[in-house]
Amino acid sequence: MPLIAGTVQLDSVVQLLAKVRPVFHSEADFQHAFGQALHSLDPALRVRLEVPQAEYDNGRWYIDMVCHGPARSTAVEFKYFTAAWTGEAPATGEAFRLREHAATDLARRNFVFDIARLEHLCARALDTDGITLMLTNAPSLWRPLRSQRPTGDHEFRIHEGQILTGTLRWGGALYPGNQRKLIGTYPLQWQDYTRLPGRNGTFRWLAATIDPHG
């Protein structure tokens, strides 16, 4: 399991987070709570949100979170993709109403895009590694596709056991703007996050670690 900024294990942060925040209102809520959990495990870390990267995509890319340790830094990109769920958080009784995000193909695409961007960043910075982190209650993201018919996002699928590597084409070669070439190899293994009552109450998380110098 990867270390964040060379000091804190990712799964330690996620396990702590699941105890105190089993569900989130939004991706920004997820990011903020993750930063709080990380800081509680290592108060010496410097955690920064929405850090601009002037040298990528004409300056339009902002890294969700950058964590600075004594010797290493870790850039983290978050994805919080939800299926419809309504309920209360067990610990606090706080009410949640999660909306349905139907475009699972775009969730897969954007997860791969994050890997490619972090590869670009980490290749230029010897003391920086990266993590793409997705949390979701949409089972279609972690389950393999039952149909054998290829889909437009076939090479971008991120279900359990999938391996992402090499050149990934969206819709075959019909959408070259969505094509990405990954330098590393990423076996995907989903982990349980929490189980809440009701339909779509199971949340799972997926992480890909980017460290071209490791």
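A pocket is an open set of grid points with protein on both sides within 12 Å along at least five of seven lines. The model examined here is predicted.

**Exercise 1.** State how much space lies in the largest pocket and which elements supply its lining.

Solution.
Step 1. The space in the largest pocket comes to about 240 Å³.
Step 2. Its lining includes M1 and P2. Also among the lining residues are T185, Y186 and P187, together with W205, A207, A208 and T209.
Step 3. Two strands, β10 (180–187) and β12 (202–210), each give at least two residues to this lining.
Step 4. β12 provides the largest share, with 4 residues.

**Exercise 2.** Sort the lining of the largest pocket into nonpolar, polar and charged residues.

Solution.
Step 1. Nonpolar residues number 8.
Step 2. Polar residues number 4, and no charged residue belongs to the lining.

**Exercise 3.** Find how many cavities of 30 Å³ or more there are, and describe the lining of the largest cavity.

Solution.
Step 1. The count of cavities of 30 Å³ or more is 1.
Step 2. The volume of the largest cavity is about 40 Å³.
Step 3. Around the largest cavity lie V14, L17, F30, F34, L133, L135, Y193 and W205.
Step 4. At least two lining residues come from each of α1 (10–20), α2 (27–41) and β8 (128–136).
Step 5. The lining of this cavity holds 8 nonpolar residues, with no polar and no charged ones.

**Exercise 4.** Which linings include W205?

Solution.
Step 1. W205 is one of the residues that line the largest pocket.
Step 2. W205 is also listed in the lining of the largest cavity.

Technical notes
Residues are numbered from 1 along each chain as its sequence is written. This is a predicted model: local features need pLDDT of at least 70, side-chain atom pairs count only at pLDDT 80 or more; totals for chains, interfaces and linings use all residues. Side-chain values use heavy atoms; hydrogens and water are left out. On a 1 Å grid over the protein atoms alone, a cavity is a set of points where a 1.4 Å probe fits but cannot get out, and a pocket is an open set with protein on both sides within 12 Å along at least five of seven lines; lining residues have an atom within 4 Å of a point. Grid points are joined across faces, edges and corners, and a volume is the space filled by probe spheres set on the points. Ala, Val, Leu, Ile, Met, Phe, Trp, Tyr, Cys and Pro count as nonpolar, Asp, Glu, Lys and Arg as charged, and the others, Gly among them, as polar.
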